[in-house]
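These are my notes from going through the model with a short list of things to look up. I took ring contacts before helices, and charges and surface after that.

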There are 2 protein chains.
Amino acid sequence: EENQGAKGYAWFMAVMPWLAMFAIGLATGIVSFGIFQAVKNLAATRFALTFWMLDHVSLGAAFAAYAAWAGVSVGIASLLVMGIEPVAGGSGIPEIKGYLNGTNVHKLMRLKTAVVKVLGVIFAVSGGLTCGKEGPLVHTGFALAGNIVHLPKMATACATRASRKYWQAFRSDVHKRDFVTAGAAAGVAAAFGAPVGGVLFALEEASSYWQLQLMWRSFFCALIATFTLIFFRSGSEGSWLDLSSPGLITFGEFKPNAYRLWELIPFLGLAVCNNALCRWRRDHIEKAATIRVLEAVAIAVLTAALSFWLPVALQSCKELPARLSVDDAEHYHRFLCKPGEYSAMANAMFNTQEDIIKGFFHIEDPYPIPVLLIVLALYFGLATITYGLAVPAGLFVPAIMCGCAYGRMAGEAMDSLFPSADIDSGVYALIGAATALGGITRMTISLTVILLETTNDIQMLLPLMVGVIVSKWVGDWFNISLYDLHVELKCIPFVENNPPAGLERLTARDIMVTPLVTLPHLVTVGAVYDVLVSTSHNGFPVVAHRASAPAPQQLLAPPSSPSSSDPRLVGIILRSHLLSLLRHRTFYHELDGPDGSPVLDLAQDASIPHVLDFAPSLSSTSDALATDLAGVALRPGDRDAFIDLRPFLNKAPFRVLLETPVPRVYRTFRSMGLRHLCVVDENNTPHGIITRKDIRTDFTVDLN
Amino acid sequence: EENQGAKGYAWFMAVMPWLAMFAIGLATGIVSFGIFQAVKNLAATRFALTFWMLDHVSLGAAFAAYAAWAGVSVGIASLLVMGIEPVAGGSGIPEIKGYLNGTNVHKLMRLKTAVVKVLGVIFAVSGGLTCGKEGPLVHTGFALAGNIVHLPKMATACATRASRKYWQAFRSDVHKRDFVTAGAAAGVAAAFGAPVGGVLFALEEASSYWQLQLMWRSFFCALIATFTLIFFRSGSEGSWLDLSSPGLITFGEFKPNAYRLWELIPFLGLAVCNNALCRWRRDHIEKAATIRVLEAVAIAVLTAALSFWLPVALQSCKELPARLSVDDAEHYHRFLCKPGEYSAMANAMFNTQEDIIKGFFHIEDPYPIPVLLIVLALYFGLATITYGLAVPAGLFVPAIMCGCAYGRMAGEAMDSLFPSADIDSGVYALIGAATALGGITRMTISLTVILLETTNDIQMLLPLMVGVIVSKWVGDWFNISLYDLHVELKCIPFVENNPPAGLERLTARDIMVTPLVTLPHLVTVGAVYDVLVSTSHNGFPVVAHRASAPAPQQLLAPPSSPSSSDPRLVGIILRSHLLSLLRHRTFYHELDGPDGSPVLDLAQDASIPHVLDFAPSLSSTSDALATDLAGVALRPGDRDAFIDLRPFLNKAPFRVLLETPVPRVYRTFRSMGLRHLCVVDENNTPHGIITRKDIRTDFTVDLN
């Protein structure tokens with residue numbers, strides 16, 4: 001029967017992760033579809049209202065409606081974020097990077113966060129803010145994945161003990177990490193209709209730790225998300241079985257043979273220019289966190305005003321090109337121009353994001369260079385002030401719009417320099433977008449694949465690759481990526497693969513923290529309590545002395561004073577485990593043994609904590625419990641009782657020698673996803689400890 | 001000046017890897033182009049000769065020429081391999097997997113191996129063997145990359161000491177591993193015109209260790225290789241600046257909207273069927289290594305006979321379809337049929353590989369099912385006996401041909417079941433090829449991207465993904481991938497990420513090797529010599545005793561008997577370093593000190609080895625030197641002299657506690673690329689050692 005149980009367990013562990021991936025993909029796909037439909041309908045209603053006012057009331061009333069909608073919509077988004085769940089603001093990608101690197105960000109994965117993120121991004125994007133829905137979708141997929149294990153857990157709350165053991169295995173950090181990684185991949189897959197790009201995004205941008213198995217599962221998850229989204233989208237357009245509708249952003253089809261070798265040269269120029277711009281932008285992005293809601297509303301109204309009045313002021317009417325197909329005609333906006341004309345300015349501003357981008361790519365009629373300059377300045381400025389507002393806001397779309405503007409500019413310039421070459425300046429806009437994204441995110445292969453899957457045109461592969469690589473080089477010359485910048489801004493202790501320059505020749509001895517707070521393996525309750533009160537450390541090395549059977553008195557030295565008699569490291573114990581021991585009163589009292597020598601006996605009201613109490617919990621409510629001393633009440637006499645730490649230790653913690661080179665410390669930290677690393681000498685005597693914070697010396701703010 | 005030197009060094013280390021990547025990509029692209037042109041011209045000449053004989057002499061003479069060409073060509077390939085460099089046989093991918101996992105395969109990376117591989121694959125493929133040029137190209141890129149650092153080294157042989165220090169840093173194993181990984185990626189990129197797929201291949205299939213930086217560099221390298229190949233190919237076709245010519249294999253364009261949702265169901269069936277086939281095939285693939293050249297020639301003649309006489313015997317002539325464009329007409333072969341007819345059998349057999357595959361994909365006229373059955377059986381059989389011959393031979397193309405045959409069969413069946421649905425059975429052939437490849441290689445995301453880049457059609461993404469994932473599931477149900485099977489056949493100790501089932505609950509204590517052979521840090525020459533003679537171990541833990549200043553006599557305990565007085569691990573020393581110490585006679589003799597106590601003094605004819613002598617050398621000639629005791633001659637009296645190991649130790653070797661769980665041992669091994677791991681107790685006393693071989697318990701053959 002034992003054997004059968006093991007077999008059943010193996011089956012369970014082989015099948016369940018795939019089922020979970022299926023569920024994650026399905027949930028992400030459905031939620032993406034909801035976001036897509038809501039944004040589309042809200043934005044359409046907003047424009048319809050504005051145009052109706054324009055035709056039937058007045059210009060001023062039209063603007064008032066347009067701006068009021070923006071203010072109210074963004075106000076709702078901001079209120080949701082600030083009032084309910086501040087961690088739902090922004091794109092969420094820096095936090096996800098931090099989580100997958102090994103640092104838990106509080107509440108990042110709650111269902112509530114996901115709900116606020118989804119509602120917030122709908123209102124922020126449909127309110128016309130210069131922000132995208134892609135980053136928030138990644139966070140949504142991530143949070144859904146983190147919650148997916150609750151479903152079967154609830155269903156089996158009254159299950160047998162055997163099956164509870166199964167579910168418990170699922171609660172491990174390793175599985176959780178796999179789920180949320182796949183969820184992030186599914187989010188990208190749904191956002192761009194790019195399943196392969198999604199997996200690569202999770203690999204390149206988000207994850208510090210990667211396994212082939214995780215890759216396969218993420219791939220499956222991304223596939224399901226893409227399928228689900230496409231299925232519902234084609235269903236909403238009437239044909240449930242036509243799978244050719246793509247993701248949330250699509251770039252439409254480009255003409256064949258749209259570039260030649262020598263055209264790659266201006267593509268390089270694009271990449272270089274962009275990064276000079278991005279650098280300035282990044283240096284000015286941090287902001288104080290005051291009156292966030294009003295700020296968001298103000299920016300929304302400002303955005304509305306600029307995108308409304310600029311086309312009015314600079315009408316730049318142009319004649320519609322002859323021979324216009326119905327499809328192409330969609331790209332042209334008349335706005336205030338005469339019939340038979342269109343406003344280039346309105347095309348590039350007074351429009352939904354997707355139509356603006358498609359216009360840059362596909363309108364054959366040249367954009368006037370001044371219009372492009374104004375558009376570039378506008379989006380650049382708006383994107384700079386928008387990212388950082390208290391609304392869920394992605395960076396991809398603003399980056400694409402900026403990149404399109406200067407890419408198109410380069411294309412128009414080439415076209416007027418070489419009029420006979422039949423240049424498609426829309427392709428330049430695409431490359432411009434790639435360089436802008438590359439400069440901001442520093443992704444390479446995943447960005448290329450995402451753009452490739454979005455454009456549906458493999459011919460663009462080589463110019464995209466060149467643009468992306470060059471923009472990465474140029475960007476790295478100036479600074480780190482925007483995501484990494486935000487990881488730093490948020491004080492997430494992120495462990496890079498390589499130590500900062502200058503640390504290569506140091507050893508563990510140089511960067512470890514001393515004096516070390518250790519606990520003996522047999523310790524008084526009072527000592528444990530005092531240590532928990534006086535420090536905020538998360539893990540405590542546990543030591544024993546070399547003498548084979550020391551008397552209890554000898555063991556009860558104050559924990560922070562390293563004993564002179566050569567202690568050795570026997571394990572490490574977490575703060576949460578110590579708290580659990582205190583809470584369960586797992587105390588021993590000293591009794592007189594039969595031969596008069598002291599013997600320890602479990603106190604009568606104590607209970608040995610069940611192993612479940614130590615398992616990392618997926619429910620976020622445990623965050624507080626795990627670190628809070630408040631629930632622990634000591635009774636008189638408790639302080640002198642003993643706790644035997646030995647059954648609860650992690651007996652094989654990672655440890656390094658004093659002489660270990662710092663680069664190896666970094667590699668160990670990152671590839672093993674550690675939180676603390678004991679530093680010992682050749683006698684296994686602990687001398688110090690290295691935590692994530694210590695190896696990020698550039699942080700001055702303490703997270704705890 | 002010191003500071004400036006450090007800055008120059010940093011610059012050097014930042015720029016040189018990219019230059020090296022450029023050179024690797026360039027070299028791989030040029031060599032790929034050479035292979036492509038040579039195979040194309042030789043195969044064309046062969047067919048032209050055969051057809052000329054057919055028209056002007058007789059059927060028999062035509063076959064004689066056709067078969068003789070095959071025999072001679074494959075004979076040359078096999079002679080090259082067996083006579084010059086046996087390691088150049090096969091596809092090379094299992095060996096590359098092994099190398100990147102941490103096991104050096106002798107001569108795998110020599111320039112000579114690359115040359116033999118290139119010439120061999122040209123003759124093998126143009127001789128008509130059922131094998132591809134893709135795997136060998138990957139190995140070629142890998143070997144070129146391993147040799148690329150020789151170029152600047154030779155150029156700067158007479159450089160200053162400062163610059164020699166720079167180059168020396170490049171000789172590290174880390175850089176070498178990065179170079180060859182990128183080389184493998186460039187090989188795939190050139191073979192399939194799939195730069196993104198190449199990087200993913202290196203990531204998913206080949207590499208055990210992966211960093212973002214390596215990904216970016218591989219991406220650049222693959223880009224350069226693709227560019228180079230495309231540049232030369234378009235140049236050879238007359239237009240140097242038209243970049244639209246793709247890689248070595250191309251699948252041509254598919255019609256738009258070629259599948260619908262419900263068609264995915266037979267795609268699933270394809271995947272399931274294939275794997276039943278592949279399983280049988282894999283179980284019968286090993287062969288004894290005798291009379292290899294004759295065997296290869298025999299198989300080549302057999303292949304020629306079957307592909308010649310089968311179309312003759314079963315002519316299966318069909319009328320050419322009406323309305324045939326010039327492009328399409330290329331796909332139809334008349335062979336022995338009347339004018340206005342074509343032979344379906346000849347289309348599928350008597351043809352170059354690329355044309356056979358394109359025929360399956362693009363000929364609209366249905367293939368008769370019996371023809372497909374015969375073709376499937378033929379290719380399946382030929383591929384099975386061909387892979388394993390002593391010629392450079394890839395697996396991709398045979399797998400694609402088998403997959404095409406049964407895919408096309410499914411397509412034809414669907415077409416006759418649902419005649420009104422306008423099914424493109426060429427798409428089924430493509431999915432069949434994907435499932436065949438997926439079943440054989442178990443790659444997922446990289447295979448999907450490679451096929452996507454090769455077909456140039458993003459619409460195929462979803463069916464490709466489904467086919468690849470299902471074939472992987474089904475395949476994993478039966479056995480491991482063909483590459484992994486060959487890794488095992490070749491007895492390469494490959495470390496998976498997870499331990500085999502059943503080992504999860506063991507600890508390091510259970511799998512370590514005892515008794516341990518240790519060396520004291522101050523040791524007699526005789527003891528070192530004896531240990532080197534009596535064992536074949538590659539690394540030796542070095543111990544010291546706890547007493548602070550032990551007398552020399554006490555230290556000279558025989559190395560294999562663990563001392564009772566509590567030794568502690570102070571480091572590890574490699575066999576090659578011990579040999580180097582013996583060779584340089586770094587011996588100390590015991591002298592009487594000023595106060596009468598014994599003092600050690602360096603022998604007069606000894607020299608302290610320069611650190612360069614310990615650096616891993618890129619030249620393969622050092623393999624023998626590093627492990628050979630022959631060059632060491634001890635003089636009388638030497639045996640009693642001392643060696644002080646302390647300056648030469650690796651003082652911070654990886655170590656684990658006895659209680660460390662086996663899964664963590666595996667993870668540490670793989671992610672740190674270790675060769676040996678010391679197992680110590682809490683007192684840092686070594687108890688055993690774990691090597692790659694120990695954690696691969698399924699191997700019975702000892703590599704050393």
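**Charges over rings.** I began with Arg46(B), which lies over the face of Tyr66(B), 4.0 Å from the ring centre. I should record here that the model is predicted. I then found a second case, which involves both chains: the charged end of Lys472(B) sits over the ring of Trp216(A), at 3.2 Å from its centre.

**Aromatic pairs.** I looked up the total and got 22 aromatic pairs over all chains. I noted one of them in detail, the pair of Phe231(B) and Phe232(B). Their ring centres are 5.8 Å apart and the planes make an angle of 80°, an edge-to-face arrangement. Are these two rings buried or exposed? Neither word fits, because Phe231(B) has a relative accessible area of 32% and Phe232(B) one of 26%, and buried would need under 20% while exposed would need over 50%. I entered Phe231(B) as partly exposed, and Phe232(B) likewise as partly exposed.

In chain A I wrote down one aromatic cluster, formed by Phe47(A), Phe63(A), Tyr66(A), Phe308(A) and Trp309(A).

**Helix α12 of chain A.** I followed Phe308(A) and Trp309(A) from that cluster to helix α12(A), which covers residues 292-313. The helix has 22 residues and reaches 31 Å from its first C-alpha to its last, close to the expected 32 Å. I checked which of its residues are buried, and Phe308(A) is on the list. Also on the list are Arg292(A) and Glu295(A), along with Ala296(A), Ile299(A), Ala300(A), Thr303(A), Ala304(A), Ser307(A), Pro311(A) and Val312(A).

**Helix α8 of chain A.** I ran the same check on α8(A), residues 173-192. This helix has 20 residues and spans 29 Å between its end C-alphas, close to the 28 Å expected. How many of its residues are buried? I get 18 of the 20, so α8(A) is largely enclosed by the rest of the structure. Just after the helix, Gly193(A) takes a positive phi of about 60°.

**Salt bridges.** I find 10 salt bridges over all chains. In one of them, the side chains of Arg408(A) and Glu412(A) meet at 2.9 Å, N to O. I placed both residues in helix α17(A), residues 396-417, where they are separated by about one helical turn because they stand 4 residues apart. Arg408(A) and Glu412(A) are both buried.

I then looked at Asp644(A) and Arg646(A), which form a salt bridge with the closest N and O atoms 3.0 Å apart. Asp644(A) is buried, at 17% relative accessible area, whereas Arg646(A) is partly exposed, at 38%. For chain B I noted a salt bridge between Asp644(B) and Arg646(B), 3.0 Å from N to O. There, Asp644(B) is buried at 16% and Arg646(B) is partly exposed at 38%.

**Nonpolar patch.** My last entry is on the surface. I found a nonpolar patch of about 470 Å², made by Trp11(A), Val15(A), Leu19(A) and Trp477(B). Which element gives the largest share of this patch? That is helix α1 of chain A, residues 2-56, with 3 residues. Leu19(A) is placed in this helix. I checked its accessibility too: Leu19(A) has a relative accessible area of 47% and is partly exposed. Patches take residues with over 30%, so Leu19(A) clears that cut-off.

Notes: Residues numbered from 1 in each chain as written. Chains lettered and ligands numbered in written order. Predicted model: local features only at pLDDT ≥ 70, side-chain atom pairs only at ≥ 80, totals over all residues. Heavy atoms only, no water. Patch = residues over 30% accessible without salt bridge, like charges linked within 9 Å, V, L, I, M, F, W, Y side chains within 5 Å. Areas by Shrake-Rupley, 256 points an atom, 1.4 Å probe, with all protein chains shown as cover. Salt bridge = Lys/Arg side-chain N within 4 Å of Asp/Glu carboxyl O. Helix = DSSP H or I, 4+ residues; strand = E, 2+ residues; numbered from the N terminus. Buried < 20%, exposed > 50% of the residue type's maximum accessible area, 1.4 Å probe, protein only. Expected span 1.5 Å × (residues − 1). Phe/Tyr/Trp six-rings, centres within 6.5 Å; stacked < 30°, edge-to-face > 60°. Lys NZ or Arg CZ within 6 Å of the ring centre and 35° of its normal.
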